[in-house]
Amino acid sequence: MAHHALELLAGLDGQPVPHVVTLADPQSLETLAIGSCGRAHFLAGRLDVAREWLERSLATAGAAYSGWKIGILGSLALVEAWTGRLERAQAQADEALGVAREVGLLVHPVTADAFLASSLVALERGQPRHAALALREGCLRAETNRRSPLSWVGRLLAAELLAAEGRADQAVAAIAEARRALGSPPPPVVDESLVALQCRLFRLDGHPEEAERLLRDQPSGASPIAFESVAAALALGQFDRARKRLDGVGWMDTGPTRTVEHQLLLAWLATAEGHDVEAGHHLREATETAAAYGLIEVLARGGPTVAGLLAERTEEAALRDQVRARAQETVAPAGHDLLDPLTDRELEILTYLPSRLTNAELAQQCYVSVNTIKTHMAHIYRKLDVVNRNEAITRARALVLL
């Protein structure tokens, strides 16, 4: 449809376009058609092609209009975050939200992509609590405008956050609830990530055979599914099958995340086969790429086995400690050493504390009264054994709650 629209625009030959709405001029229509094609490629999982089309859209004359620019930048940020180019993604999301703030569109649905991209960046940096705030804002805007494919992106990130916090059962329930609530199938880029997430939860729970069952008839390719397919074989001790699957996937030129995954799997397989020198080489490649792009979660997703390899062989202490902490969190939720754990609602409010929102603003964000917020705050302070907001933030970060 986008290609057809561009063909029609090219055939206008100077003829006027009826102004059904005030922005239906040829320049805007060209920007929207090109941008829509970029979004379609992203949702289909063709990330490199999506980037090309979105950058092309951003370079058109119609992108001078703030509303289009915000949406395109946000979509481009999502593509970059999906491939692991976190710094670039965050810069684009920040630019989109900055423009939105300047023109009074910060609460407009067009900012949904940028908020979701910010959430994904925080998640991939191993900061699930930081991701929660942006995710909430992104989901609200996507659902306000009934953008079902983007709502699926939000539901996927919500499930990933639950998994990253060690709440596997809730992550599975969130996926099932998304399928009921949205009523439409997820776009391919989301669907493959949902399958990979479910396989990872099986694998980390000690049931790689269930992951194998779920992976049956899934397409191969350099995707999250490919990583879990090889990881399941490795967890089952099926090293020949793991190597065959590794060799059958084109991992190159698909972004830093896939590069790290590929090197981790090669290191895992080499270790299992007793090739320590080769394993060390692949592990260095993985950690150097991860460190260069600020990728933590991709290392933690490997689970205890990968965390063990990193603990033995990685010289970068800070990276090793971050991954070990994150890997532990996928098994035991953050803050598990609190005598009286925070409730889900208290954890949600806790994520807002660094934003410095007032109690009245927090009440508005959470759709409750100011008195309810005060009650939650009192419970948070008591459970964290602190007396004010600054101490709560410090204590929460020490417990990896923020």
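**Exercise 1.** What volume does the second largest pocket have? Work out which residues and helices line this pocket in the predicted model.

*Solution.* Start with the size: the second largest pocket comes out at about 380 Å³. Next, look at its centre. The lining counts 16 residues, and those closest to the centre are Leu 32, Arg 39, Trp 68, Val 110 and Arg 147. Now bring in the helices: H2 (26–43) and H4 (66–83) each supply at least two lining residues. H2 gives the most, with five. Finally, sort the lining by class: seven residues are nonpolar, six polar and three charged.

**Exercise 2.** Describe the largest pocket in the same way.

*Solution.* The volume here is about 690 Å³. There are 21 lining residues, and Ala 132, Leu 135, Arg 136, Ala 158 and Glu 348 sit closest to the centre. Four helices give two or more residues to this lining: H7 (128–144), H8 (148–164), H9 (168–182) and H19 (344–352). H7 tops the list with eight residues. Going by class, you get eleven nonpolar, two polar and eight charged residues.

**Exercise 3.** Is Arg 216 buried or exposed? Say where Arg 216 lies in the chain, too.

*Solution.* First place the residue: Arg 216 is in the loop that runs between helix H11 (208–215) and helix H12 (224–235). Then check the relative accessible area, which is 56%. Exposed means over 50%, so Arg 216 counts as exposed. One last step, a distance: Ser 229 is 13 residues away from Arg 216 along the chain, and their C-alpha atoms are 9.3 Å apart.

Key:
Residues numbered from 1 in each chain as written. Predicted model: local features only at pLDDT ≥ 70, side-chain atom pairs only at ≥ 80, totals over all residues. Heavy atoms only, no water. Buried < 20%, exposed > 50% of the residue type's maximum accessible area, 1.4 Å probe, protein only. 1 Å grid on protein atoms, 1.4 Å probe; cavity = no way out; pocket = protein on both sides within 12 Å on 5 of 7 lines; lining within 4 Å. Points joined across faces, edges and corners; volume = space filled by probe spheres on them. Nonpolar A, V, L, I, M, F, W, Y, C, P; charged D, E, K, R; others polar.
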